[in-house]
Amino acid sequence: MPPPRIRLPRIRLRPRSIRGRITVLVAFLAALLLIPAAVIGSLEVRKTLSDAVWLDSQKQATLTAAAVRVGKLTDPIVPSVPGIDLVQVVAPGHHVIAASVAARGLPPMTGAWPAPRDPTQDVQTCAQPLIGCVRLSAIRVHAAGDSPVVYAGRPAPTMISTDGSDALFATQAAVLILLAIWAAWKITGRILRPVEAIRAELAAINVNDLSSRVPEPSGEDEIVRLSRTVNRTLGRIENAKQQTEQALERQRRFAADASHELRTPIAGLRVQLEEAQLHPDETDLHEVLDRALNDVDRLQRITTDLLLLARVGATAPMALENLDLTQLVRVEISRRADRLAIQSRLTPGVSVNAIPTQIGRVLNNLLDNAQRHARYMVHIEVHRNGDHAELAVTDDGEGIPETDRERIFQRFTRLDTSRSRDQGGTGLGLAIARDIVEAHEGKIRVEENPEGGARFVVHLPLAEPT
C-alpha cells in the first residue's frame, strides 16, 4: 500500500484584493525605477568626487610648477589648494628636490614621467605603503629634457569614505519606495471606498426587498457610472419581480375566482340533471333543457370573462395602435340594441394609443352596467382633458354609495341592489374594465352625478399627433 500523499498548503503570493495588487504593482515599479536611479546617482557622485580630486591635483601641480619656473620654490612646499597635501618636485633620475610636509622623507610617489609632448599625466598608484593609494597629477615644469616633474595629489577615497554617499542614496531610495507604497495604499483605498459601499449594500439586499439602492458618489468617473448602472439594474430587477408577483397574483385570483364562481352554476346544473334522471316521468324536458342551457350560457360568459382578465396586460406594446376613440364609440353604439336610447356628446378627433378590441370591451361593459341600472337615460361623452382623453358613461339610476365606489371594481362584487344573478351580469365587467384601462396606463373612477345615478369616467393618455 503506497504511503498517503501529504498535501502542502498552497502559498498565495498574489494579493486577494485589488487594493493590494495595485500597491504591489506600485511598489515594484517604484523599486524598478528608484533603485537603478540610486545606483546611478551614487556612481555619478563618486565620479564627480574623483574628477574634483583630479582637478585639484592638477591645479596644485600647475601652481608648484609655476613657482619652480620663476624660482620661488620653497622647501617644504606649502600647498595652496585645500585637500592636496602630498606635493613633490622630482628631478630627472627620480631625485626629490622639494616636498610638502606630508610627503617629506618619502621617495617619489610614482614612477610616471610625462613626455614633453604630453606634459600632464593623471596617475592613481598604490606604490607607497606608507601613504596607501593616492591620486595625483604629474606635470613637467618645462619642455626641456632635463625638466623636473611636479607630483601633487591626495590619498584616494576608500570604500569607507564613499559609504556615506551610498548610504544616503540607499536611504533616499528606500524612503521614496515606502512613500510610494503608502500613497498607493491610501489613494487606492479612497478610490475603492465607493466600491466597498456598493458591495456592502448589494450584500444586504435580499429577494424579499429590492427597493434599496447603492450610494451614487458625485462625478462622472467609472465608479459613478458603475453605481448608476447597478441602480438601474436593481430597478429593472425590482420591476420584473413586481410583474412576476402580479402575474402570480393574477393566476391565484383567476383560480380562486373560477373555482368560486363556477361552483354555483355547475352545482345547479347537476341538481337539475340528477332530478330529471331520478324522475323522468315528472320532468318537463324542454323546461330542464332551457334551464340547463341558461346555466351553460352563464358558465360560458364567466369563463370568457375570466380568460380575458388573465390575458389583460399580457399583450405586447407592439399591438397598440393609434385609435380614434370618438369613432370607436360611434361604431359600438350603432351596433347595440338597448332598452334605453343612448344620448351622446362626442368631440371629434380624440385619439389614443390602444388595442381597439379591449377599449371596445371597456365601453360595452360600462354601457351594459348603465343599461341595467338606469331608469330613463344613459349618456356618453368623449372629450379632451389636458393631455388625456376622457370617456364618461352616466346613468340616472340609484347611484353608487361613496364607500362602495372602489369595491365595485373587485371581481364578482355585486351591490345589494344587483345581487340577483338574473340581471345578466357575471360580476366581472367592471373588474375587466379597470384592468384594461390600467394596462393602457389610464385610470377609471366613479364620480357623483349631479342629476342622480352613477358616472363612470375613464382617462387615457392622448396619442402623439401624426
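Which residues of the largest nonpolar core touch the most other members? They are I359, L366, I380, L391, F456 and V458, in a core of 39 residues. A nonpolar core here is a set of buried Ala, Val, Leu, Ile, Met, Phe, Trp, Tyr and Cys residues joined through side-chain atoms within 4.5 Å. Buried means under 20% relative accessible area, exposed over 50%, and partly exposed in between (1.4 Å probe, protein chains only).

The model is predicted: local features need pLDDT of at least 70, side-chain atom pairs count only at pLDDT 80 or more, and totals for chains, interfaces and linings use all residues. Residues are numbered from 1 along each chain as its sequence is written, and side-chain values use heavy atoms, with hydrogens and water left out.

Helix α6 (residues 356-373) supplies six residues to the 39-residue core, the largest share. Helices (H or I, at least four residues) and strands (E, at least two) are DSSP runs, numbered from the N terminus. I380 touches V329, I333, I342, Q343, S344, R345, L346, L363, L367, L391, A392 and V393, leaving aside residues up to four places away in sequence. Contact means heavy atoms within 4.5 Å. A second, separate core holds 13 residues, among them V90, M109, A112 and A138. In soluble globular proteins, nonpolar side chains tend to be buried together.

One open sheet has five strands in the order β7-β9-β10-β12-β11, with mixed pairing. Two strands pair if DSSP finds at least two bridges between them. β7 and β11 (443-448) stand at the edges with a single partner strand each, so one side of each lacks a neighbour in the sheet. Neighbouring strands of this sheet are turned by 20° against each other on average, direction ignored. Such angles lie between axes fitted as lines to C-alpha atoms, for helices over the stretch in contact, and run from 0 to 180 degrees between N-to-C directions.

Strand β7 (residues 342-346) runs parallel to strand β9 (residues 378-385), and five bridges join them. R345 has E381 in β9 as its bridge partner. β9 runs antiparallel to strand β10 (residues 388-395), with eight bridges between them. Here R384 stands opposite A389 in β10. The hairpin of β9 and β10 has two residues between the strands, and G386 takes a positive phi near 70°. At the other edge, β11 and β12 are antiparallel and joined by six bridges. E448 has A454 in β12 as its bridge partner.

An aromatic contact also involves this sheet. Rings of Phe, Tyr and Trp (its six-membered ring) pair if their centres lie within 6.5 Å; planes under 30 degrees apart count as stacked, over 60 as edge-to-face and the rest as tilted. The count comes to one aromatic pair by this rule. The ring centres of F409 and F456 are 6.2 Å apart and their planes stand at 85°, so the pair is edge-to-face. F409 lies in the loop between β10 and α7 (429-439), and F456 in strand β12 (residues 454-461), so placed that the pair links distant parts of the chain, 47 residues apart. F409 is buried at a relative accessible area of 2%. F456 is likewise buried, at 2% relative accessibility.Helix α7 is mostly covered, with eight of its eleven residues buried. These are L430, A431, I432, A433, R434, D435, I436 and V437. E441 follows α7 and has a positive phi, near 60°.

A second open sheet takes five strands in the order β2-β1-β5-β4-β3, with antiparallel pairing. β2 (95-99) and β3 (120-125) stand at its edges with a single partner strand each, so one side of each has no neighbour in the sheet. Its neighbouring strands are turned by 25° against each other on average, direction ignored. Six bridges pair β3 with strand β4 (residues 134-140) in the antiparallel sense. Q124 has R135 in β4 as its bridge partner.

S137 also lies in β4. S137 is buried, at 0% relative accessibility. Its side chain reaches the backbone nitrogen of Q58 at 3.4 Å.

Strand β6 (residues 321-324) and β8 pair in the antiparallel sense over four bridges. E321 stands opposite A354 in β8. Strand β8 (residues 351-354) has V352 and A354 on a covered face, and S351 and N353 on an uncovered one. In a regular strand the side chains alternate between the two faces of the sheet.

Note on methods
A polar contact is a pair of N or O atoms within 3.5 Å; within protein, one must be able to donate a hydrogen and the other to accept it, and residues adjacent in sequence count only if both atoms are side-chain atoms.
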